[in-house]
Amino acid sequence: MKYILALDAGTTSVRAVLYDVKTGTPVHIVQQEVGQSFPQPGWVEQDANEIFYKSAYVLNSCVSFAGAENIAGIGITNQRETVVLWNRKTGEPVCPAIVWQCRRTSGYCAEIPADMREKIKKKTGLIPDAYFSASKIRWCLDNVPAARKLYREGNLCAGTVDSYLVFKLTEGKAFATDCTNASRTMLFDIHTLRWDKELLDYFGIGEEILPELRPSDARMGETTFGGLRIPVAGVAGDQQAALFGQACLSRGDCKITYGTGLFMLFNTGETCVSSESGLLTTVGYSLEKKTVYALEGSAFNAGSSVQWLRDNLGFIRSSGESEELALTVPDTGGVCFVPAFTGLGAPHWRSDARGLLTGITRGTGTAHIVRAVLESIAYGARELSDCMQKDSGICLREIRCDGGASANNFLMQFQADLLGITVNRPAVRESTSLGAALLCACSLGIIGEEEVLSLRKSEKIFRPSENRENFETHYRNYQLAVKRALLN
Ligand code: ADP
């Protein structure tokens with residue numbers, strides 16, 4: 001058994017990545033784009049059938065490449081919060097999947113009374129919002145007659161994308177989810193690791209339509225490829241899988257994914273830290289033996305600002321070019337950028353805020369603006385890291401980075417300088433799928449938690465410079481610009 005296969009069911013694509021078990025290196029990747037539809041302003045849907053067929057296709061391609069007999073198991077990681085409702089007897093979805101970005105239930109969520117909001121926060125670690133699964137399931141029960149009919153007949157299944165894929169891959173034998181995915185539904189008590197009766201009653205969702213709860217390293221069942229049975233084992237939501245893939249296994253370990261947006265997860269150990277700063281508390285990963293919690297913060301726009309420089313302003317031809325251009329000037333010349341294209345996330349939570357460029361003079365050139373955009377990504381992470389340290393009382397020691405924009409050396413060095421700690425970039429930047437593969441390997445007993453650490457190799461370590469005073473001044477300027485963006 002040479003390989004573990006990881007299925008990464010993301011929002012824009014599904015990918016299967018074949019990992020060499022001994023070295024934790026990817027040896028083969030197959031990817032398929034997945035469509036999205038936007039039937040009304042603010043609505044985002046996907047076809048769950050398409051997600052499954054394309055997942056089966058990419059898995060099949062990797063199995064053909066390696067030979068089913070050489071694959072020890074399949075691990076799954078997925079876009080979180082998105083809900084699928086399907087017929088328990090046939091496995092057929094009853095309506096389009098409602099994607100995490102979909103805002104159709106924001107009115108409903110705004111009406112959740114204050115005492116219930118408080119309860120939700122205490123029990124689930126989440127800030128009540130349309131983003132999470134509960135109100136999306138409620139919407140389907142209210143608006144899809146076929147879902148209601150199946151519900152009455154006892155034949156309805158409702159779950160996140162992982163549970164649907166597990167159900168389909170095991171031909172309906174397993175209807176289960178892992179605790180990281182469950183912790184994004186707003187129906188799950190992160191302290192007891194159970195579906196919460198009071199929340200289920202509030203949203204009018206019967207526990208019988210939800211999947212069974214399992215640890216992230218559980219063996220979910222088996223699937224068949226080429227007549228051979230392969231275990232499906234190891235499941236986690238994408239950000240949590242990245243935390244595991246980055247071997248952030250100790251209290252105080254932290255990873256930042258610099259993708260279209262920015263996602264920061266901070267391991268708080270077996271203690272569940274409640275945030276006073278607008279961060280989320282979530283299950284980092286749950287193993288048979290223990291549950292590890294994390295604080296989570298995200299910025300809606302990070303790499304997307306670099307795309308904006310490229311596609312809207314035409315300042316650069318490729319995202320990579322931003323690095324070269326930023327380095328042609330010693331600083332931004334006083335220019336500050338706030339990437340609030342779609343509002344500001346944690347810790348501000350202001351969807352009405354809009355972007356801002358401040359400090360422009362007659363001497364301002366494209367390089368200054370490009371540099372200010374890259375710096376704004378690092379400032380966003382600094383805001384989150386200050387909150388995380390304050391909420392938890394734990395010092396950040398290092399950032400483990402991944403995602404498309406982590407390729408930018410200027411940005412990573414600036415981040416190290418701004419935070420005053422090292423930024424560590426791994427050799428395998430596929431942290432999400434690697435995390436699923438490692439959870440699978442742990443589940444099958446091929447490796448233990450200790451080996452996860454030794455399998456992570458650094459590609460480059462960015463160390464903070466000696467003199468960091470200027471960075472603090474720049475950061476204060478950024479904070480002033482944010483204040484102005486919030487006045488909008
Ligand atoms: P996602 O998974 O969120 O779609 P990726 O992790 O693939 O995103 O990262 C893509 C983002 O990274 C894009 O927004 C792109 O502009 C940005 N990006 C890619 N390379 C660089 C680079 N060298 N410098 C800055 N940004 C980059």
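Okay, helix α9, residues 238-245. Eight of its eight residues are buried, so the helix is largely enclosed by the rest of the structure. Keep in mind that this is a predicted model. If you want to click through the helix, the buried residues are D238, Q239, Q240, A241, A242, L243, F244 and G245. And what happens to the backbone just after α9? There, A247 takes a positive phi of about 55°.

Let's zoom out for a second. The chain has 16 helices and 23 strands. Its radius of gyration is 22 Å, and the globule rule gives 23 Å for 488 residues, so the chain is as compact as a globular protein of that length. If you like to picture a box, the C-alpha atoms fill one of roughly 70 × 50 × 40 Å along the principal axes. Of the 488 residues, 61% count as buried, so to speak the background against which to look at α9.

Now, the ligand. Which residues are closest to it? They are T260, G303, S319, G404 and N408, out of 13 that surround the ligand. Helix α10, residues 303-311, gives the largest share of that shell, with four residues. Sorted by class, the shell has two nonpolar residues, eleven polar ones and no charged ones.

Let's look at some polar side chains there. S319 has a polar side-chain atom 2.9 Å from an oxygen atom of the ligand. For Q307, a polar side-chain atom sits 3.1 Å from a ligand oxygen atom. N408 faces a nitrogen atom instead, with a polar side-chain atom 3.0 Å away from that ligand nitrogen. As for how covered the ligand is, it exposes 580 Å² when taken alone, and the protein buries 67% of that.

Last topic, the cysteines. How many disulfides does the structure hold? Zero. Let's go through two cysteines to see why. Take C140: the closest cysteine sulfur is in C95, 3.9 Å away, and that's too far for a bond, because the cut-off for a disulfide is 2.5 Å. C140 also counts as buried, at 1% relative accessibility. Then there's C254, where the closest cysteine sulfur belongs to C248, at 6.7 Å, again too far for a bond. C254 is buried too, with a relative accessible area of 1%.

So, if you open the model yourself, start with α9 and its buried residues, then move over to S319 and its ligand oxygen, and finish at C140 and C95. Happy to take questions!

Technical notes:
Residues are numbered from 1 along each chain as its sequence is written. This is a predicted model: local features need pLDDT of at least 70, side-chain atom pairs count only at pLDDT 80 or more; totals for chains, interfaces and linings use all residues. Side-chain values use heavy atoms; hydrogens and water are left out. A residue is near a molecule or strand if one of its heavy atoms lies within 4 Å of it. A polar contact is a pair of N or O atoms within 3.5 Å; within protein, one must be able to donate a hydrogen and the other to accept it, and residues adjacent in sequence count only if both atoms are side-chain atoms. Accessible areas come from the Shrake-Rupley method with a 1.4 Å probe; for residues, only the protein chains shown count as cover. Helices (H or I, at least four residues) and strands (E, at least two) are DSSP runs, numbered from the N terminus. Ala, Val, Leu, Ile, Met, Phe, Trp, Tyr, Cys and Pro count as nonpolar, Asp, Glu, Lys and Arg as charged, and the others, Gly among them, as polar. Buried means under 20% relative accessible area, exposed over 50%, partly exposed in between (1.4 Å probe, protein chains only). The radius of gyration is taken over C-alpha atoms; the globule rule is 2.2 Å times the number of residues to the power 0.38.
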